[in-house]
Amino acid sequence: MSGKIRAFPWKGLLGVWTTLVIVLALALPMVPQPRFWYEFPIVPGLEDKARIIFFHVPTAWLSVLAFVSSMVYGIRYLRTKDLRWDLRSASAAGLGLLFCVLATVTGAIWAKFSWGTFWNWDPRQTSIFVLLLIYGAYFALRSAVENEEKRASLSAVYAILAGVTMPFFMFIMPRILASLHPEPLLNTEGKVHMNGAMLTVFLSSLAGFTGLYYWMWSLQVRSQKLLAHHELARGGHSRD
């Protein structure tokens, strides 16, 4: 009971934090020349559509975080052969795939309002589509191998290879090819050009989404452990 009491405030705070960020991101006004602390500046070329960065960028960030985590846990499994690291790696990859889908969807919604179509094979869209295929194949591989140790080893190697290629598709390819992606309007000369209010909400969104990812990941790991114990117990009863 004490563990539940200690866990509740953290989850409750995360829920309040995320809700507040969403409300502020959608409700605070955008004006040409902000004069008050609660006003966002209008981003040329994006106008009110710039609000998508409070949701699109965090989902893309979590994709990177999850895929890197999956690679690190895969390395830990190969070093220790402990299936717990395989479970952590697979859980991180699954959430990475989920947030990658969300980043694709939010980007497509923005594209519809800005370009008139949800999809036009822009380099940024093409690269994230390839990344979705790569990690979709990861789970196809896991489902095709029944032996736990062999599945874990193959998955770990694949997670490492996918993690190494991920930066190319997420960061390099969209920048070496001409793209309609609005990043140059928001991030030029290595700086994010936002006023204090916009930057605060943006960083708060990153923090809130990161906390959400950690909670989802830990929940996934615990549920998979319980499932594994249940299957092990059921197998023992069957032998008896």
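Visitor: How many salt bridges does a search of the whole structure find?

Guide: Happy to walk you through that. This is a predicted model, and the search of the whole structure finds three salt bridges. Asp48 pairs with Arg51 at 2.9 Å, N to O. Asp82 joins Arg84, with their closest N and O atoms 2.7 Å apart. Asp86 meets Arg142, again through side chains, at 2.9 Å from N to O.

Visitor: Which parts of the chain does the pair Asp86 and Arg142 link?

Guide: Distant ones: Asp86 sits in helix α3 and Arg142 in helix α4 (residues 123-144), 56 residues apart. Both Asp86 and Arg142 are buried.

Visitor: And is Arg51 buried or exposed?

Guide: Here the cut-off helps: buried means under 20% relative accessible area. Arg51 has 10% relative accessibility, so Arg51 counts as buried. Its partner Asp48 is partly exposed, at 47%.

Visitor: Which residues make the nonpolar surface patch?

Guide: Val101, Val105, Ile109, Phe113 and Phe118 make a patch of about 470 Å². Take Val105 as one of them: Val105 lies in helix α3 (residues 83-115) and is partly exposed, with a relative accessible area of 41%.

Visitor: Now the inside. What does the search for cavities find?

Guide: The general idea first: rolling a probe the size of a water molecule over the atoms reveals where empty space remains. In this structure there is one cavity of 30 Å³ or more, holding about 30 Å³ of space. Its lining consists of Trp17, Thr18, Val21, Ile22, Ser204, Ser205, Gly208 and Phe209. Helices α1 (2-27) and α7 (196-239) are the elements giving two or more residues to that lining. By class, the lining has four nonpolar residues, four polar and no charged.

Terms used
Residues are numbered from 1 along each chain as its sequence is written. This is a predicted model: local features need pLDDT of at least 70, side-chain atom pairs count only at pLDDT 80 or more; totals for chains, interfaces and linings use all residues. Side-chain values use heavy atoms; hydrogens and water are left out. On a 1 Å grid over the protein atoms alone, a cavity is a set of points where a 1.4 Å probe fits but cannot get out, and a pocket is an open set with protein on both sides within 12 Å along at least five of seven lines; lining residues have an atom within 4 Å of a point. Grid points are joined across faces, edges and corners, and a volume is the space filled by probe spheres set on the points. Helices (H or I, at least four residues) and strands (E, at least two) are DSSP runs, numbered from the N terminus. Ala, Val, Leu, Ile, Met, Phe, Trp, Tyr, Cys and Pro count as nonpolar, Asp, Glu, Lys and Arg as charged, and the others, Gly among them, as polar. Patches are made of residues with over 30% relative accessible area and no salt bridge: like charges are joined within 9 Å, nonpolar side chains (Val, Leu, Ile, Met, Phe, Trp, Tyr) within 5 Å. Accessible areas come from the Shrake-Rupley method with a 1.4 Å probe; for residues, only the protein chains shown count as cover. A salt bridge is a side-chain nitrogen of Lys or Arg within 4 Å of a carboxyl oxygen of Asp or Glu. Buried means under 20% relative accessible area, exposed over 50%, partly exposed in between (1.4 Å probe, protein chains only).
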